[in-house]
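Work through the three exercises below with the sequence and the model open beside you. Each task is followed by a solution that proceeds step by step.

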Amino acid sequence: MDAQSKTSATIVTVGALLGLAAAGMAFVWAPKEAPQAPDGSVSANGSKIAKDTQAAVQGAQEAAAIPTLKAAPLPEDKTRTSQAFFSLPLWQLADKDAGGQVRTAVVDILGKNSVDIHRYGEENTPVPNLWFLNNGLAKEFTQSDALQKDSDGDGFTNLEEFLAKTKPNDAASYPALVTPQGAKLEVVRTQTSEAVIVADTMFATEPAPAQVGVKVFKNAADLNPINKLTLKPGDKFALSADDKEKSRFTLVGFEKAEFTDSMGKHEENVIVLQDNTFPNSAPVKVRAGKPKANEKDAANVKGLQYKITSATLRVTAGSAANTEITVRKGDSFTVPGSSIKCSFQAVGKGSSVSILPEGADTPVQVLKAPKN
């Protein structure tokens, strides 16, 4: 054999030995539990495979003149082999068939045709696996209640954010506070204020009276006022002496208004009041005198029969969470933390409140806040 042939043979031999060594090193040994057969028993040839493989690797190392790997001796009954590689992200699914039998399957959660793990609704509609992973919800993805969690703490569940196409890991990105399906509001309290305000005496100085006597009664039949005072423009007053809203009304001023009654057509001085609890509401003109019970002539009614139902609502989600707003029945308002305009329609069962979003045909129910 010439020198070139010897060199080629040496290269082939060393290459084969190194290949054998590489094959052997594709296995990792550890003094762990013995390999398990499908029925749970220990594999009889587990130790033999490990020892044969170790001997092959050691022989290849010696032949290739590379340092011998020194490993701790492997007990006969405590050896196992496992491949050293990284697998695709797999998920085991379990479901029942028509016969009630549980069937399981292992799927690649990132595969194009993979089964989506989380589903919702009566039609069992899926939320794509990649939606969770692309939105930084890898931790939530492994939990069965992932769709019900509020990952960014903005008051909306992950499912609500998925349906609204907002970011479930960004508290500044959240769905609308009021939708046909519901509102992120709760009723703190509802209340009805009832009283009769009477302009008792107006001094007929020109161009307008400088002050006016005002009495407040519980109702039109009441003979004894619960509050009595004299006001000039700019003064504020409450419905009663113990009313918490001490500045409920402001006497804006005086005007003249035209009336047609048994005296014919004529002008009278009227007082103009502003309800400060609802600053966006229009001022009210009040004719002098006490109203009659069950007054039907609204155009000529005397005094002001005051009966107003209001509700205090609290925002439960979004940037204005925990903000409260008091609205009067019939009034329009903008939901804090949004540009959504609604009107307060009515008080329902259990102190719930119905509100109507601007442009909508069906009111949305707002429930009473749960007790702590």
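A residue is called buried when its relative accessible area is under 20%, exposed when it is over 50%, and partly exposed in between, with a 1.4 Å probe and only protein chains considered. The model is a predicted one, in which local features need pLDDT of at least 70 and side-chain atom pairs count only at pLDDT 80 or more, while totals for chains, interfaces and linings use all residues. Residues are numbered from 1 along each chain as its sequence is written, and side-chain values use heavy atoms, with hydrogens and water left out.

**Exercise 1.** Describe the chain as a whole.

Solution. Begin with burial: of the 372 residues in the chain, 33% are buried. Next, count the secondary structure, taking helices (H or I, at least four residues) and strands (E, at least two) as DSSP runs numbered from the N terminus; the chain has five helices and 21 strands. Finally, consider contacts, meaning heavy atoms within 4.5 Å: among those between residues at least 6 apart in sequence, 40% join residues at least 24 apart.

**Exercise 2.** Determine how strands 12, 13, 14 and 15 are arranged in their sheet.

Solution. Two strands pair if DSSP finds at least two bridges between them. On that basis the four strands form an open sheet in the order 12-13-14-15, with antiparallel pairing, and its edges are strand 12 (236-237) and strand 15 (284-287), each of which pairs on one side only. Strand 12 pairs with strand 13 (residues 249-261) over two bridges, and Phe-237 has Phe-249 of strand 13 as its bridge partner. Strand 13 in turn pairs with strand 14 (residues 264-275) over 12 bridges in the antiparallel sense, with Phe-254 bridged to Ile-271 in strand 14, and a hairpin of two residues connects strand 13 to strand 14.

**Exercise 3.** Decide whether Lys-184 is buried or exposed, and list what surrounds it.

Solution. First locate Lys-184, which lies in the loop between strand 8 (182-183) and strand 9 (185-202). Lys-184 counts as buried because its relative accessibility is 18%. Then, leaving aside neighbours within four places in sequence, its contacts are Gly-155, Phe-156, Glu-160, Leu-177, Arg-314, Val-315, Thr-316 and Ala-317.
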